[in-house]
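Biologist: I'd like a close look at one part of this model, the place where the two chains meet. Take your time and walk me through it in one go.

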There are 2 protein chains.
Amino acid sequence: MSARAAGMGLSEELSTIVGPEYVVKEEAGLEDYRKDMADYEAMPSVAVLPSTEEEISRILKVAARRKVPVVARGAGTSLTGAVVLEGAIIIDMKRFNRILAVDSVNWHVRVQAGVVLDDLNEALHKDGFFFPPDPASSFICTVGGAIAEGSGGMRCVRYGTMRDWVLALRVVLANGRTSSFGEPLAKNRVGYDLVHLMIGSEGTLGIVTEAYLKILPLPSVPLVRMLVTFDDWPSAGRAIQELRQRRIRANLMEFMDLETILAVNAAFQTDFEEVEATLLVDLEEPLVTPAESIFRDHGARTFTRATNEEEAERFYSVRSHAYLAIKGLASGVQIEDVTIPIDRLAEYLALIKEVGTRLRLRIPTLGHAGDGNVHPAILFDREDPASRAAATTAFEELCRYAIRVGGTVTGEHGVGVQKAALMREQMRAHGGEEALRLMKGIKRMFDPKGVLNPGKYVELA
Amino acid sequence: MSARAAGMGLSEELSTIVGPEYVVKEEAGLEDYRKDMADYEAMPSVAVLPSTEEEISRILKVAARRKVPVVARGAGTSLTGAVVLEGAIIIDMKRFNRILAVDSVNWHVRVQAGVVLDDLNEALHKDGFFFPPDPASSFICTVGGAIAEGSGGMRCVRYGTMRDWVLALRVVLANGRTSSFGEPLAKNRVGYDLVHLMIGSEGTLGIVTEAYLKILPLPSVPLVRMLVTFDDWPSAGRAIQELRQRRIRANLMEFMDLETILAVNAAFQTDFEEVEATLLVDLEEPLVTPAESIFRDHGARTFTRATNEEEAERFYSVRSHAYLAIKGLASGVQIEDVTIPIDRLAEYLALIKEVGTRLRLRIPTLGHAGDGNVHPAILFDREDPASRAAATTAFEELCRYAIRVGGTVTGEHGVGVQKAALMREQMRAHGGEEALRLMKGIKRMFDPKGVLNPGKYVELA
């Protein structure tokens, strides 16, 4: 109040909380916060870099009083516009970067929200543990961002997504109060599950400052990594389906189409075989022989086993670097993220090709074959309205296919602003209208003044 | 409205919905619904056995109009008073007993809420799959009850609780409308996670009619089952702690004290070794040797490996039948369910013995050593007020210890009426006051008229 009475501006008032060196108000500095990784953009008013819950609490009180929205930001690797908002206060969580405790008896780790996932895993590996979820951006993305986005990754086929690995949270709420959600225990039945409500809430319900995450011992069974290629997608799709029916559990089951392989080879001067369908597979040693026989039955063209750690890394990199390679192919990329029942994989891949041909778009496609989560990358020319319109048409057509066959328009990237309308379509089509009403009610109850990342996601749906 | 205008009674009106043969109104019939498994009791007004969502929807509308509370009931195996309520309409879910589809490609099963867990597993085994959560009551308890209670069990040390195995739900809400929550897909990021909000909500947010559950291939690695005994608890506790630190992942890690073994031997004419501390352990074959060496280092007295399927079953039964054997020892049993950090196990077991001696109570103790979830069974004489009071004192003292050391008052049994006050104590002590406020808000939003199992759990806390 006194700040306002004194006629203090927003940046000045925030400076009194975190110190002027941790307030970014110049346009040049704010440029870092203007975009997400898919180039959704909106200019914030100011960015702040707090280092304590108390500071976040005070920032939220200022925001509520001044009616300025707040967006918490980790590495900004959202692909849906979830971390950009016109005129907002961006809370950059970079300084919450400490691993507070690794508990090797109870198999959990206590971390601040700004810790980078790969840094966490590096620390855990020393003790023989790991944290399974591995979004493609794990080299920069943060624990808090991955929780807010409910992120997935390649290992999810075996280990599930962020949803399966968070035990407890510290959260600053819209009213500026701080609360613990859940307990750092393998089992806890006290109260409704607010932890899972936060996972995938995209910064709209509270700001996570700290988390207890489950960890696992590094696998003791040796894994075999291999590249398997096919001349066509229907064969690859049928092979994947049969692996599942024969109850063969892969640790990695990624796929890339020819355009993706071409992009990778061109961007990184690699020489991966340029063939219609490539699978990257990790299997426990005893499963390799039965799996190879299934691949062969379905006409696999080549198998290449990684013979050492270095080669295994090289195989992995073709997939993990693919999005970067693809992004270089055009001025615009609309990355899609549907998940469909696995038995629809071949059909869906055929549809992508058909849509691309019909709308004259290049759509390199890759994704997580083992859990039906596919990422077509719809390329377009940002300067050409016709090309942009065609990309939007393709995007919506692919999403609507997923809705029609009982899939979801987003497996791991979330909703943000990109998919709010499609989310509504999906929920209506799948009998979830009341669920959507309840979600909107939850948002209002957690954030009655609309301070936290407002106007997106369930509010926009 | 017309029913009311016609002066129709509650039972009569419900008869028009489900048919008179599916309405129970006589006291003799209602006796089946008067108690839960821990003998919490309250007389309902009427019980109904609907067979469709539409019928449940109509029942809820009648309940709201007449201001009569509703409690959905599976097998009634709650241990906390969650399924009994004075004057309520009990919705017995028995007729929702169909397994609708086993999907061997997408690894999930679609089931109605009244399916018994063991029946589900029997059906899945035929296809080479299983559903991991295995509460001790799995021979009678239902999918819907296990979801409402967020149940655990013995395999949870490896596979987690119900929380980790539900993909999507069909729910009838307090307003009588039906909705789907979630999607039957390995990955789905559309909307807030209402599925997990339902898991462990104890019938207070909606009535689950159908669920998609994840399933897994039966383990392909052979498991070795063994009984390991120790002369004292501190040694057993240290052995368990070291197994964890050495990253040995057990598939089963149960424990029983001497009183439990004595009760089992007496009740079932078995001859298990009568020693202070007994562990029931399942390990993958390659882990047996390193584990045995750790047990030996900590002074294990005997190891007995099961040499065949029958013996393995016999070992398992000592633990699975233990609660029944213990229940026979006294007219009253207060079963406790704290979860504590695993490194507190030996300390907690010592406290139980000390409390028992001091208050002159027998407290046979068993539980899930591998995840710190302990079940002291506080025996008392129901007819003796002093004995009942002592049991309550012991119960609260044990819960408060858990709160003090960062544990939870309930790992898997839930809150019901038994632990509402202790739940509040725990949340206050652990910085969760705002979380409790939000939970109460969620309850009001889902059930503004207080129809669904009102006056318990978060409302009572």
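Biologist: Let's start from one side chain: is B:Arg189 buried or exposed? Then please build outwards from there.

Modeller: B:Arg189 is buried, with a relative accessible area of 1%. Keep in mind that this is a predicted model. B:Arg189 has a charged partner on the other chain: a salt bridge with A:Glu149, where the closest N and O atoms are 3.6 Å apart. B:Arg189 sits in the loop between E9 and H8 of chain B, while A:Glu149 belongs to helix H6 (residues 143-149) of chain A, so the pair joins two chains. A:Glu149 counts as buried too, at 11% relative accessibility. The cut-off for buried is under 20%, so both partners qualify, at 1% and 11%.

Now zoom out to the interface around that pair. On the chain B side 87 residues are in contact with chain A, and 87 residues of chain A are in contact with them. The two chains bury about 7000 Å² between them, and carbon and sulfur atoms give 58% of that. B:Arg189 turns up again here: along with B:Lys187 and B:Tyr192, it supplies 16% of the area that chain B buries against chain A, more than any other three residues.

B:Lys187 is worth following across to the other chain, where it contacts A:Asp371. That aspartate is found in the loop between strand E17 (365-368) and strand E18 (373-380) of chain A, and it is buried at a relative accessible area of 5%. Setting aside neighbours within four places in sequence, A:Asp371 also touches B:Ala186 from chain B, and from chain A it meets A:Cys156, A:Val157, A:Thr339, A:Ile340 and A:Ile342.

As for charge pairing in general, side chains of opposite charge can pair when their charged atoms come close. Across the interface of chain B and chain A there are 14 salt bridges, while the structure holds 71 over all chains. Another charged pair to look at is A:Asp193 with B:Arg163, whose side chains meet in a salt bridge at 3.4 Å, N to O. If you go by polar contacts instead, 54 residue pairs are found across the interface of chain B and chain A, with both residues at pLDDT 80 or more. The elements that give two or more residues to the side of chain B that touches chain A are strand E9 (178-182), helix H8 (194-198), strand E11 (216-217), H9, helix H16 (420-429), helix H17 (433-446) and H18 of chain B. H17(B) gives the most, with 11 residues.

Chain A has its own helix H17 (residues 433-446), with 14 residues; from first C-alpha to last it reaches 20 Å, close to the 20 Å expected at 1.5 Å a residue. Its buried residues are A:Glu434, A:Ala435, A:Leu436, A:Leu438, A:Met439, A:Gly441, A:Ile442, A:Lys443 and A:Phe446.

Back on chain B, two of the contributing helices deserve a second look. H18 (residues 457-460) includes B:Tyr457, which is buried with a relative accessible area of 0%. The phi of B:Tyr457 is near 50 degrees, a positive value in a residue other than glycine. For context, most residues other than glycine have a negative phi.

The other is H9 (residues 233-245) of chain B, with 13 residues and a reach of 18 Å from first C-alpha to last, close to the 18 Å expected at 1.5 Å a residue. Buried in H9(B) are B:Trp233, B:Ser235, B:Ala236, B:Gly237, B:Ala239, B:Ile240, B:Leu243 and B:Arg244. Those residues pack against strand E12 (223-230), strand E13 (252-257), strand E14 (277-284), helix H11 (288-297) and helix H14 (345-359) of chain B. Just after H9(B) there is another positive phi, about 60 degrees, at B:Arg247. B:Arg247 lies in the loop between H9 and E13 of chain B and counts as partly exposed, at 36% relative accessibility.

So, coming back to your starting point: B:Arg189 is buried, it pairs with A:Glu149 in a salt bridge, and that pair joins two chains.

How values were computed
Residues numbered from 1 in each chain as written. Chains lettered and ligands numbered in written order. Predicted model: local features only at pLDDT ≥ 70, side-chain atom pairs only at ≥ 80, totals over all residues. Heavy atoms only, no water. Helix = DSSP H or I, 4+ residues; strand = E, 2+ residues; numbered from the N terminus. Buried < 20%, exposed > 50% of the residue type's maximum accessible area, 1.4 Å probe, protein only. Contact = heavy atoms within 4.5 Å. Expected span 1.5 Å × (residues − 1). Buried area = accessible area lost by both parts, 1.4 Å probe. Salt bridge = Lys/Arg side-chain N within 4 Å of Asp/Glu carboxyl O. Polar contact = N/O pair within 3.5 Å; in protein donor to acceptor, adjacent residues only side chain to side chain.
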